[in-house]
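Me: Got a minute to go through a structure with me? I'd like to talk about some helix packing and one side chain.

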Amino acid sequence: MNMAKNKNLIYIAISLVVFIVLAFLYSTPVFTGKQLFQHDIVQYRGGAKELLDYRADTGNETYWSDSMFGGMPTYQMGSRFNGDIIKKIDSYLNILPRPVNYIFLLFSGFFLLGMVAVRNWKYALLGATFFGLSTYFYIAIAAGHNGKINTIEYFAPLLAGILLVYMRKQYIWGFIVTTLFMGLQIAANHPQMTYYLFIALGFLFISELIRVIQKKTEVKHFLISSGIIAASCLIGVGMNSQRIMANSEYIKETVRGKQILTNDSHTEGNSGMDKESMLMWSYGKLETLNLFIPRLMGGGSQEPEGKEMMAKIQELVQQNVESQAEYDRISKGFGSLTYWGDQPGTSGPAYQGAIVCFLAVLGFFFASKKYRYWILGASILTIFLAWGSNFMALSDFFIDFVPFYNKFRAPSSILVVVELLFPLIAIIGLYKFFTDEKLTEEYKQKILTYVGGGTLGLILILLIFGKSLLGFHTDNEQAYLPPFLLDYLTDERFKLFRIDAIKAFIYIVITVIALFLSLKKKLNQNIVLIVIGAVSLFDLWTVNKRYLNDENYVDKIFAENPFQTESSDLLAEKVQGNPNLESIIANVNVNKTLETIADKDKTHYRIFNNILGTFSETNTSYFKSSIGGYHAVKLRRYDDVINEYFQVMDSVKVPNILNLLNAKYWVVGSPEQPQAVPNPTANGNAWFVSDLKFVNTANEEIKSIGLIDNKKTAVIASSDKEYFNSKPVQADSTATISLTGYQPNELEFKSKSRTPQLAVFSEIYYPHGWKMFVDEKEVPYIKADYLLRAVHVPAGNHNIRMIFEPEVIEKGKWISLLCFGLFIILSGLGIFMMNKKKKEIIETV
C-alpha cells in the first residue's frame, strides 16, 4: 500500500516537473531576461504610476489616485491591503517569471482536478495539457489580462475541492482545498470570471440535489457536503473582505452601478451597463465552432496574413478602380481582413482543440452520469450566453432577472467555462472508455463510429460546402465591395479556414484510429494516451504560438518603462519592426512633451492630451495627472461627462469642462509634432463661487455645467438645498483659496475671504471615504457641478484639508484576518481529528 502510494507521489512529482519544463519551453525568451510586452500592463504602468511612486516614497498605500479621469479609487489599480494574507499566498504561488507562472499553475491546477476526478496521474496529466493550452488563455496573456488569467488559474483546484466533498466524501481535505482556492480565486480580483464559474457550479449543485431526490445519494451526505462547501466559500470570501468591501462600495459609483441620467440608452436608477455596451462582444452562433476549428471565422483581427492580403487588395484596386467615388465606397466595406465573425473585433479564437472537443463529445457518452449531465447543462448554457445579442431571449432574461449579470460586459468571455469543462469531461470519458467494464466493446465501437464519423463528416461538409454555408465575408463587405475584391477576399479566407480544417480532420483521424486499435488490442492504453497527448499538444501549441510568441517579449527596459522620451538609433535597432514596440517609437515625442511640462511646472494640475486618444491612453498619467486614462470601471459621473461633452468636441462647452477639471495644459497636434498649449482659463485647484444654480434633475445638472460661467456659478442639485440652511453665501471679489499641500489621498488649502463662500474643488466627488476639515474640524461637504466636491467656508482665514480614509479598509482588514484565522484553526482541527481516527483504526486492527 505504502509502496503504491510512494510510487504515485513520484509520478505526481514528475508531472509537476513536466509542467515547469513545458511552461519554460513555451516561454524561452525569459531565459535571456526578456519580459512580456502586454498592452493592458503598459496601460497599467501609466495609470498606476502615482500609486506606485507614493508606495515607494512613503512605504504606505494610497487608496485614491489623481492619475486618471480626474481622480478615482485605486482598488482596481493594483492597491495593496494590510493584513491581506491570502494575496501573499497568491504571490508566492506566482513566483515564477511571467508567463511561466500562469502556464505552470494552469497545468498543475487542472492536474489536481484530474487526480480528484479520475484518481489516475496519466489522465490528470493529459487533461492538464488540454486545459492549460486552451488558446483563449494565451490570447489573454498576450493582451495583458493578467487578473483574468490569475483567476482562471484557480478554477480547476476550486472545483477539485468541491468534488472532494461531493464525490469523494473527503470532507476535511475538501474543506481545506475549497476554502484555500476560493480565497485565492477572489484575491485574483476578476469577479466576472468567478461569477461565470459559479454559474457552472450551480449545475453541479442541482445535479447533486436531483441525485438525492432519486435516492442515489444520501440526504445526510448532501446536507453535510453542501454545508461544508457553503462554509468554505464564505470563509474564502471573508479572507478577502477588504478587497470585496472596498470594491462593492466603489462599484455602486461606477459605470457598473446605478445610472444617474435618463436618455435613449438607459433610465435613471437602473443598475449596470446599458445592453449595447454589455453585449458588444457577442459570439456568433456558427462562430462557436471555432472551439473546434480555430480559423472557422478567421483568427484575430490582426493576423500576419492580413499584410499580404492588403498588398494584393491595393494592387487589385489600382488595376480596377477608376473613380474616387468607387474608391470611397470600397473604403466603407473594409473591416478586418483576417476576422469575419460577429464580434466588432477580436485578438483570436477561443480554440479548445480539435481532439479535446472530439473527446468531450465522447465523454458525454462514456462518463458516469454524475458528471455528464451537469457538465453538459453548464456547457450548453454558457455557450448560449456567449452568443449575447445573437440570442436576446436568453440574454434579456439574465440581464433582467439574474443578480449581478448586468455588471459584466463581453459575454463571449463566458466560454472560459467550456474551456474548463470540456477537458474535464474528455479525460473522465477517456478513463471510462479504458477502465469501465460495464461499457461493452460493442457499445464503445458504436459510439466511436458515430461520433468519429459525425465529426469527420462535419469537417468534410464544411470543406466542400463551406463557401455557401459560412460565406467568408460580412454583410458590410458584401454591400460595399465589388465582386473582384469580394471574390479575392473569400478565396483567401477560405484558404486560411481550409488549412485548419484539414489539420482538425487529420488530428481526429489519428485519435479515432488509435482508439479503434486499442479496442482491437493492437495498441495498449499507455501508447494511445501518448499519441493523443502528443498530437493535441502539437495542435494547441502551434495555434497558440500565433498569438503568444517570441515577438511578445521585449528587452526589460521596454517592458518596465514603455514610455520612452528619447529616440535613438539604438532604440530603433532594438525595436526592429516589432509591432508590439512600434508604439514606443511613435509616442516618443508626445512623451517628451509631457515630461517637459511636468518638469517645468511641478504644481498640481491636469493635462488634456488630444493626440493619443484621451480616454484610451495612460502615457499622460505616467508623467502627470490626466483628464483621460484607460480603465474599464470608471466612475459613473465622470463617464457621463465624457459621453455628454467629449463625443462631440463643442468649441465652447468642452473648454468649459476642461476648465472645471483644471486642465492647465493641452497637448495638441500630431504624434510627430506635439505642442503643449497652456490653458490660462483653467479654474485652478479650487475657487470660490457666490452664485448657486439649483436644478431638479441630473440631466439638468450635467447640461448646465457646459453653459454657465463656472468660475462664478456652481450648479447644485436641489436635493442639497438644505445644506445651505444657516450657511449664507456672499460675493467677495478679493477672496482667495489656494492649494498648499498635495498628496493623492490628502490635500490642504488656505482660504481668505471677508464673506462666507462656497469653495468648489477641482476634485472628483466620491461619497465614500473622503473627509473634509475646516480648521481641523470635520465638516460635511456636497457635490457641485455634477462631479466635483464643494464645501461651505465661513468668512475669515481658514485652513481646509481633505483626506481619503475609507472605513471599509480597516473594517475589512479585521474580518479578513478573522476569516483566515478561522480557516487555519478549522483546518488544523480537522487534520488532528483525521489523524486521530486513523490511529484508532490502526490500533483496532
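Reply: Sure, here is a quick chat about a helix pair and then an asparagine. This is a predicted model, where local features need pLDDT of at least 70, side-chain atom pairs count only at pLDDT 80 or more, and totals for chains, interfaces and linings use all residues. Residues are numbered from 1 along each chain as its sequence is written, and side-chain values use heavy atoms, with hydrogens and water left out.

Me: At what angle do α5 and α20 pack?

Reply: About 40°, with the axes of α5 (residues 100–118) and α20 (residues 416–435) 10 Å apart. That makes α5 and α20 oblique to each other (neither under 35 degrees, over 145, nor 65 to 115).

Me: Which residues of α5 meet α20?

Reply: Phe110, Leu113, Gly114, Ala117 and Val118. On the α20 side they meet Leu420, Pro423, Leu424, Ile427, Ile428 and Tyr431, contact being heavy atoms within 4.5 Å.

Me: How many residues in that contact are nonpolar, polar or charged?

Reply: Ten are nonpolar, one is polar and none is charged; Gly counts as polar here.

Me: New topic: is Asn150 buried or exposed?

Reply: Asn150 is buried, because its relative accessibility is 8% (buried is under 20%, exposed over 50%, with a 1.4 Å probe and protein chains only). Asn150 lies in helix α8, residues 146–152.

Me: What does Asn150 touch?

Reply: Leaving out residues up to four places away in sequence, Asn150 touches Lys87, Asp90, Asn94 and Ala188.

Me: And which side chain makes a polar contact with the Asn150 side chain?

Reply: The Asp90 side chain, at 3.1 Å. A polar contact is a pair of N or O atoms within 3.5 Å, one able to donate a hydrogen and the other to accept it within protein.

Key
Axes fitted to C-alpha atoms, helices over the stretch in contact; angles between N-to-C directions. Helix = DSSP H or I, 4+ residues; strand = E, 2+ residues; numbered from the N terminus.
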